[in-house]
Amino acid sequence: MVSIAVVNQKGGVGKTTVVLGLTSAAAQRGIRTLVVDMDPQGNATTGLGVFEPTRSIDSVLVEERPGGLRATVEPTGWATGCEPLPMLAASSPSLAVREAQLSTDPLGAQDRLRLAMRGHDVPLVLIDCPPSLGLLTINALFAADAVLVVTEPGAWAVDGVGRMLQTVDRIRMRRPDGGPEAAGIAVNRLGRTRDGRYWNEQLIAAYPDQCLPPVRLRAAVAEAAARSVPIHAMGRRPGAEEAAGEFDVLLDRVLHCCGCHDLHDLEHTSEGDI
Ligand SMILES: Nc1ncnc2c1ncn2[C@@H]1O[C@H](COP(=O)(O)OP(=O)(O)OP(=O)(O)O)[C@@H](O)[C@H]1O
Ligand SMILES: [Mg+2]
């Protein structure tokens, strides 16, 4: 198993979109995937076609519940043509209140998600994070094997990514296993403007080894999320095939960075704890 936290403290850069695109690419390749929606906004939950979740990740964060994640997992609504059907640990608005409550735990409450995921056995886990560095994101960083930073190619993106990577370094100092690994930086919503190219070049110059192949700005990507449809099922919608191909490449690169070179590696590591 490999678990990846998809992060950036900046809002609206495409964290959820990248989670949805990678989930679609993984299903296409036959990889069983669990999405954990740690954002009270619940955009990954609705993007995966779940509008009235019966359970929520909030219920396992309320106190230490080793292995508790299993009780919250439900199938996504991506039924049509999406096999294996991705699974979801849904968000709920109450997560926002939970974050405040977690901060009152005298023992520290940064590892409740890690405890809840213990023993959970699924090849790929993608954790969608809220746009903040609060305890929900920190829980994701304590739980994940690897971290994928998503950014737009815009002003201050380099600084924002730098701040995020500093936080990841601080988590590494505190985790006994030295994790999470860096899965890379996904540059999302790259347009064909001079401005977009300029900021993309700035990111590549600042992080030459970490920038992954970009995901371009395409209406089909936003439309797939809004319609709760996997990008690979958008058929002949202009740009959908190209976008699906970009998520395929991104998934390959992210898994490669996590040491998974083929499906066998994912299945092979799926028995351990995280
Ligand atoms: N590659 C893309 N092409 C076109 N639209 C995109 C692309 N990526 C993201 N968007 C759109 O940009 C908006 C923000 O994306 P998204 O919700 O994924 O960002 P986020 O980082 O998860 O936001 P938040 O911080 O609020 O959770 C959405 O409307 C989404 O559809
Ligand atoms: Mg989001």
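This report walks through a predicted model, going from the ligand shell to two helices and a few backbone oddities.

## Around ligand 1

Let's start with the ligand. The shell around ligand 1 holds 19 residues, and the ones that come nearest are G11, T16, T17, P131 and A222. By type, the shell splits into 8 polar, 7 nonpolar and 4 charged residues. As for where they come from, α1, β7 (181-190) and α9 (219-226) each put in at least two residues.

## Q9 and its contacts

Q9 sits in the loop that runs between β1 (2-7) and α1 (15-28). Is Q9 buried, exposed or partly exposed? It counts as partly exposed, because 18 other C-beta atoms lie within 10 Å, while a buried residue needs 20 or more.

Leaving aside residues up to four places away in sequence, Q9 touches P131, S132, L133, G160, R163 and M164. P131 also turns up among the residues that come nearest to ligand 1. Another long-range pairing is with V149: 140 residues separate Q9 and V149 along the chain, yet their C-alpha atoms are 9.5 Å apart. V149 falls within β6 (146-151).

## Helix α10

Helix α10 covers residues 240-257, 18 residues in total. At 1.5 Å a residue the helix should span 26 Å, and the end C-alpha atoms are indeed 26 Å apart, so the two values agree.

Which residues of α10 are buried? They are A240, A243, A244, E246, F247, L250, L251, V254 and L255. These cover an arc of only 160 degrees around the axis, so they lie on the same side of α10. The spacing fits the usual helix geometry: with 3.6 residues a turn, residues three or four places apart point the same way. The cover over this buried side includes β1, α1, β6, β7, β8 (215-216) and α9. After the helix comes G259, with a positive phi near 85 degrees.

## Helix α9

In α9, the buried residues are V221, A224 and A225. Their arc around the axis is only 95 degrees, which means they sit on the same side of α9. On the face turned away from that buried side you'll find the exposed residues A219 and A226.

What covers the buried residues of α9? The cover includes α1, α2 (43-47) and α10. So α9 and α10 show up in each other's lists, since α9 is also part of what covers the buried residues of α10. Besides that, α9 supplies at least two residues of the shell around ligand 1, with A222 among the nearest of that shell.

## Backbone spots to check

Most residues other than glycine have a negative phi, and most peptide bonds are trans. A few places in this model go the other way.

S228, which follows α9, has a positive phi near 55 degrees although it isn't a glycine. S228 lies in the loop between α9 and α10, and it is partly exposed because 17 other C-beta atoms lie within 10 Å. W156 is another non-glycine residue with a positive phi, near 70 degrees. Its place is the loop between β6 and α7, and with 13 other C-beta atoms within 10 Å, W156 is partly exposed too.

Where is the cis peptide bond? It joins G179 and P180, with omega at about 0 degrees. P180 belongs to the loop between α7 (157-174) and β7, and β7 is one of the elements that supply at least two residues of the shell around ligand 1.

Methods. Residues are numbered from 1 along each chain as its sequence is written. Chains are lettered from A and ligands numbered from 1 in the order in which they are written. This is a predicted model: local features need pLDDT of at least 70, side-chain atom pairs count only at pLDDT 80 or more; totals for chains, interfaces and linings use all residues. Helices (H or I, at least four residues) and strands (E, at least two) are DSSP runs, numbered from the N terminus. A residue is buried if 20 or more other C-beta atoms lie within 10 Å of its own, exposed if 12 or fewer, and partly exposed in between; C-beta atoms are placed from the backbone. Two residues are in contact if their C-beta atoms, placed from the backbone, lie within 7 Å. A residue is near a molecule or strand if its C-beta atom, placed from the backbone, lies within 6 Å of it. Ala, Val, Leu, Ile, Met, Phe, Trp, Tyr, Cys and Pro count as nonpolar, Asp, Glu, Lys and Arg as charged, and the others, Gly among them, as polar. The expected span of a helix is 1.5 Å times one less than its number of residues. The arc is that of the directions from the helix axis to the C-beta atoms.
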